Amino acid sequence: MPSKEAVEIFGRNMELVSAGKIREWVDLFTEDAVLEFPFPPPGFPPHIKGKEALYEHMKNFPQLLEVTFSTPVYYDAADPGLVIADFTSEGRALMTGNRFHQTYLSLVWTANGKITRYRDFWDPWVIIQALGGPEALAGPVENH
């Protein structure tokens with residue numbers, strides 16, 4: 001199982017994203033942390049590196065989406081600093097009012113009380129549809 005500290009960091013991550021507290025969320029990461037999206041939505045990068053880039057990527061999240069996460073299921077890993085979490089969310093796109101259900105598998109590496117790497121598997125089409133379809137993404141992507 002992941003260490004108690006790693007699970008606490010991951011839980012705080014979920015709380016801060018749900019609350020739209022993006023600056024505080026970014027503070028959970030090391031200066032050179034990497035956020036990875038193996039299946040990024042069109043127009044979005046597959047990797048984001050560094051705290052300032054993380055903030056720029058997520059700063060509009062509270063204006064776009066409301067999200068509530070389920071309690072994660074954690075899986076064993078040889079590295080106690082690695083969190084492997086399986087969870088879902090219920091949310092709403094604020095621009096359209098469309099509701100969505102999202103499934104995630106996240107691999108989160110931690111060290112010294114911070115997130116060093118976050119690999120997030122989720123279905124971008126769920127969010128794209130909630131926001132109004134591919135044509136609706138042009139605004140958020142351009143402001144990205």
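Arg-117 comes out as partly exposed, at 29% relative accessibility. Its salt-bridge partner, Glu-36, is buried, with a relative accessible area of 9%. That pair is a handy way into this protein, which you're seeing as a predicted model. Below are the charged pairs, then the nonpolar parts, then the overall build.

**Glu-36 and its two arginines**

- Glu-36 and Arg-117 form a salt bridge, and their closest N and O atoms sit 2.6 Å apart.
- Glu-36 belongs to strand β1 (residues 29-36) and Arg-117 to strand β7 (residues 114-121), so this pair ties together parts that are 81 residues apart in sequence.
- Glu-36 also meets Arg-119 in a salt bridge, at 2.7 Å from N to O.
- That second pair again links distant parts of the chain, with Glu-36 in strand β1 and Arg-119 in strand β7, 83 residues apart.
- Why does Glu-36 count as buried? Its relative accessible area is 9%, and buried means under 20%.

**Other charged pairs**

- How many salt bridges are there in the model? The count comes to nine.
- One of them pairs Arg-23 with Glu-52, with 3.8 Å between the closest N and O atoms.
- Arg-23 is in helix α2 (residues 22-26) and Glu-52 is in helix α3 (residues 51-58), so here the bridge ties together parts that are 29 residues apart in sequence.
- The 3.8 Å between Arg-23 and Glu-52 makes the list because the cut-off is within 4 Å.
- Are the two ends of this bridge buried or partly exposed? Arg-23 is partly exposed, with a relative accessible area of 42%, and Glu-52 is partly exposed too, at 46%.
- Asp-27, Glu-31 and Lys-51 are joined into one network by salt bridges that share partners.
- As general background, side chains of opposite charge can pair when their charged atoms come close.

**The nonpolar core**

- The largest nonpolar core holds 35 residues.
- Which residues have the most contacts inside that core? They are Phe-10, Trp-25, Phe-29 and Leu-65.
- Helix α1 (residues 4-19) gives the most to this core, putting in six residues.
- Leaving out residues up to four places away in sequence, Leu-65 touches Arg-92, Ala-93, Leu-94, Phe-100, Ile-127 and Leu-131.

**A nonpolar spot on the surface**

- Val-73, Tyr-75 and Leu-105 make a nonpolar surface patch of about 240 Å².
- Tyr-75 sits in strand β4 (residues 73-75), and at 37% relative accessibility Tyr-75 counts as partly exposed.

**Overall build**

- The protein has six helices and seven strands.
- Reading from the N terminus, the elements run α-α-β-β-α-α-β-β-β-β-β-α-α.
- A compact globule of 144 residues would have a radius of gyration near 15 Å, and the protein agrees with that at 15 Å.
- The C-alpha trace spans about 45 × 30 × 25 Å along its principal axes.
- Of the 144 residues, 43% count as buried.
- If you take the contacts between residues at least 6 apart in sequence, 54% join residues at least 24 apart.
- About 7400 Å² of the protein is exposed, and carbon and sulfur atoms supply 54% of that area.

How values were computed
Residues are numbered from 1 along each chain as its sequence is written. This is a predicted model: local features need pLDDT of at least 70, side-chain atom pairs count only at pLDDT 80 or more; totals for chains, interfaces and linings use all residues. Side-chain values use heavy atoms; hydrogens and water are left out. A salt bridge is a side-chain nitrogen of Lys or Arg within 4 Å of a carboxyl oxygen of Asp or Glu. Helices (H or I, at least four residues) and strands (E, at least two) are DSSP runs, numbered from the N terminus. Buried means under 20% relative accessible area, exposed over 50%, partly exposed in between (1.4 Å probe, protein chains only). A nonpolar core is a set of buried Ala, Val, Leu, Ile, Met, Phe, Trp, Tyr and Cys residues joined through side-chain atoms within 4.5 Å. Contact means heavy atoms within 4.5 Å. Patches are made of residues with over 30% relative accessible area and no salt bridge: like charges are joined within 9 Å, nonpolar side chains (Val, Leu, Ile, Met, Phe, Trp, Tyr) within 5 Å. Accessible areas come from the Shrake-Rupley method with a 1.4 Å probe; for residues, only the protein chains shown count as cover. The radius of gyration is taken over C-alpha atoms; the globule rule is 2.2 Å times the number of residues to the power 0.38.
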